[in-house]
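You asked for a short note on this model. My points follow, numbered so that you can reply to them one by one.

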Amino acid sequence: MFNFLKSIFQNRTLLWSLTKNDFKQRYLGNLLGVVWAFIQPTVTILIFWFVFQVGFKSQPVDNVPFILWLIAGMIPWFFFAEGLLSGTNSIVANNFLVKKVVFRVSLLPIVPLLSALVIHVFFIIFMFGMFMYYGYTPSLYWLQILYYLFATTVLLLGLSWLTSSIVVFFKDIGQIVAMIIQFGFWLTPIFWSMKMVPDKYQWIIELNPMVYIVNGYRESMIYQQWFWNDLNMTIYFWVVTGVIFVLGGLTFKKLRPHFADVL
């Protein structure tokens with residue numbers, strides 16, 4: 001881990017260059033360019049808001065305007081979905097670095113994570129602005145978003161190591177990951193409340209580590225709860241994330257010597 005962090009620092013300039021190149025390649029040829037990275041999630045939020053609040057007349061959740069409750073759950077999910085999809089394809093998309101350049105390949109999944117992080121920071125600021133517009137005063141609890149941001153990043157890095165190393169040999173993994181993300185969106189309490197689920201079945205939903213993140217954003221922004229108040233969920237999340245992180249790292253290390261031959 002120390003060597004990995006050291007290599008991030010040593011290659012920080014290259015990582016930033018690759019991140020900017022990732023932005024350019026993703027939106028190359030579009031009239032609005034990288035602006036689409038911010039337009040698409042915003043339009044998605046507005047569509048869900050229109051359908052559920054204007055169309056279905058959704059009521060405030062716990063006396064909180066539905067749009068605020070919704071964006072506090074959707075914004076972290078956008079970061080997770082974008083980071084995992086891009087991270088899964090990070091090795092294949094940068095195969096020239098794998099085959100021809102002396103480079104620590106385990107850093108490649110960080111590049112799309114950084115791209116997704118830039119967009120996510122924009123939407124965090126957007127979320128803060130929305131809450132203040134509706135009369136919410138900034139508090140210390142809002143700073144807790146940094147903790148949940150770090151937690152999501154560690155989870156994403158472990159998953160990206162795992163999926164990006166396997167997809168080199170098994171191309172269908174990319175499609176499988178996309179399907180799991182779509183399925184997971186509806187199983188995560190993003191636009192529905194956990195209170196709708198009977199108590200005896202809630203533990204099944206909570207097996208999904210993103211439930212901890214989504215609830216954490218809402219607890220920080222709306223309910224003003226510290227993450228250590230729910231110690232059981234915090235321990236569970238970090239145990240699961242730790243296992244995924246180690247498993248992803250070991251899988252990547254095991255398969256890394258064969259990347260160049262397959263690519």
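**Helix packing and selected residues**

1. Helices H8 and H11 are roughly antiparallel to each other, because their axes cross at roughly 165° and an angle over 145 degrees falls in that class. H8 spans residues 145-167 and H11 spans residues 209-223, and the two axes come within 9 Å. H8 passes H11 in a left-handed crossing. On the H8 side the contact is made by Ile145, Tyr147, Tyr148, Leu149, Ala151, Thr152 and Leu155. H11 contributes Pro209, Met210, Tyr212, Ile213, Gly216, Tyr217, Glu219, Ser220 and Met221. Sorted by class, these residues are 12 nonpolar, three polar and one charged.

2. The model is a predicted one, and this should be kept in mind for every value below. The chain has 13 helices and zero strands, so the order of elements from the N terminus is α throughout, as the run α-α-α-α-α-α-α-α-α-α-α-α-α shows. Of its 263 residues, 45% count as buried. Among contacts with a separation of 6 or more, 80% are between residues 24 or more positions apart.

3. H11 also packs against H4, at an angle of about 140° and with the axes 9 Å apart. That angle makes H4 oblique to H11. The crossing here is right-handed. From H4 the contact takes in Leu68, Trp69, Leu70, Ala72, Gly73, Pro76, Trp77 and Phe80. From H11 it takes in Met210, Ile213, Val214, Tyr217, Arg218, Ile222 and Tyr223. The class count for H4 with H11 is 13 nonpolar, one polar and one charged. Met210, Ile213 and Tyr217 are named in the H4 contact, and they are also named in the contact with H8.

4. H8 has a further partner in H12, which covers residues 231-255. The axes of H8 and H12 come within 8 Å and cross at roughly 35°. H8 passes H12 in a left-handed crossing. The contact residues of this pair divide into 17 nonpolar, eight polar and no charged.

5. Is threonine 88 buried or exposed? Threonine 88 has a relative accessible area of 1%, so it counts as buried, the limit being under 20%. Threonine 88 lies in helix H4, which runs over residues 66-88. Its side chain and that of threonine 163 are joined by a polar contact of 2.9 Å. Setting aside residues up to four places away in sequence, threonine 88 touches Thr163, Ser164, Val167, Ile173, Gly174 and Val177.

6. Tryptophan 192 sits in the loop between helix H9 (173-187) and helix H10 (202-205). Despite the loop position, tryptophan 192 is buried, with a relative accessible area of 14%. Which backbone oxygens does its side chain reach? That of tryptophan 186 lies 3.1 Å from a polar atom of the tryptophan 192 side chain, and that of threonine 188 is reached at 3.3 Å. Beyond four places in sequence, tryptophan 192 touches Trp69, Trp186, Leu187, Val197 and Ile205. Trp69 is also one of the H4 residues in the contact with H11. The C-alpha atoms of tryptophan 192 and valine 61 are separated by 9.4 Å, although these residues are 131 residues apart along the chain.

7. Tyrosine 136 is in the loop between helix H7 (110-133) and H8. With a relative accessible area of 25%, tyrosine 136 is partly exposed. Apart from neighbours within four places in sequence, tyrosine 136 is in contact with Asn63, Val64, Pro65, Leu68, Phe131 and Trp142. Leu68 is among the H4 residues that meet H11. The C-alpha atoms of tyrosine 136 and methionine 221 are 9.0 Å apart, with the two positions 85 residues apart along the chain.

8. Glutamine 224 deserves a look at its backbone. Its phi is near 55°, a positive value in a residue other than glycine. Glutamine 224 lies in the loop between H11 and helix H12. At 38% relative accessibility, glutamine 224 counts as partly exposed.

Methods
Residues are numbered from 1 along each chain as its sequence is written. This is a predicted model: local features need pLDDT of at least 70, side-chain atom pairs count only at pLDDT 80 or more; totals for chains, interfaces and linings use all residues. Side-chain values use heavy atoms; hydrogens and water are left out. Helices (H or I, at least four residues) and strands (E, at least two) are DSSP runs, numbered from the N terminus. Buried means under 20% relative accessible area, exposed over 50%, partly exposed in between (1.4 Å probe, protein chains only). A polar contact is a pair of N or O atoms within 3.5 Å; within protein, one must be able to donate a hydrogen and the other to accept it, and residues adjacent in sequence count only if both atoms are side-chain atoms. Contact means heavy atoms within 4.5 Å. Axes are lines fitted to C-alpha atoms, for helices over the stretch in contact, and angles run from 0 to 180 degrees between N-to-C directions. Angles under 35 degrees count as roughly parallel, over 145 as roughly antiparallel, 65 to 115 as roughly perpendicular and the rest as oblique. A crossing is left-handed if the near helix is turned anticlockwise from the far one by less than a right angle, and right-handed if clockwise. Ala, Val, Leu, Ile, Met, Phe, Trp, Tyr, Cys and Pro count as nonpolar, Asp, Glu, Lys and Arg as charged, and the others, Gly among them, as polar.
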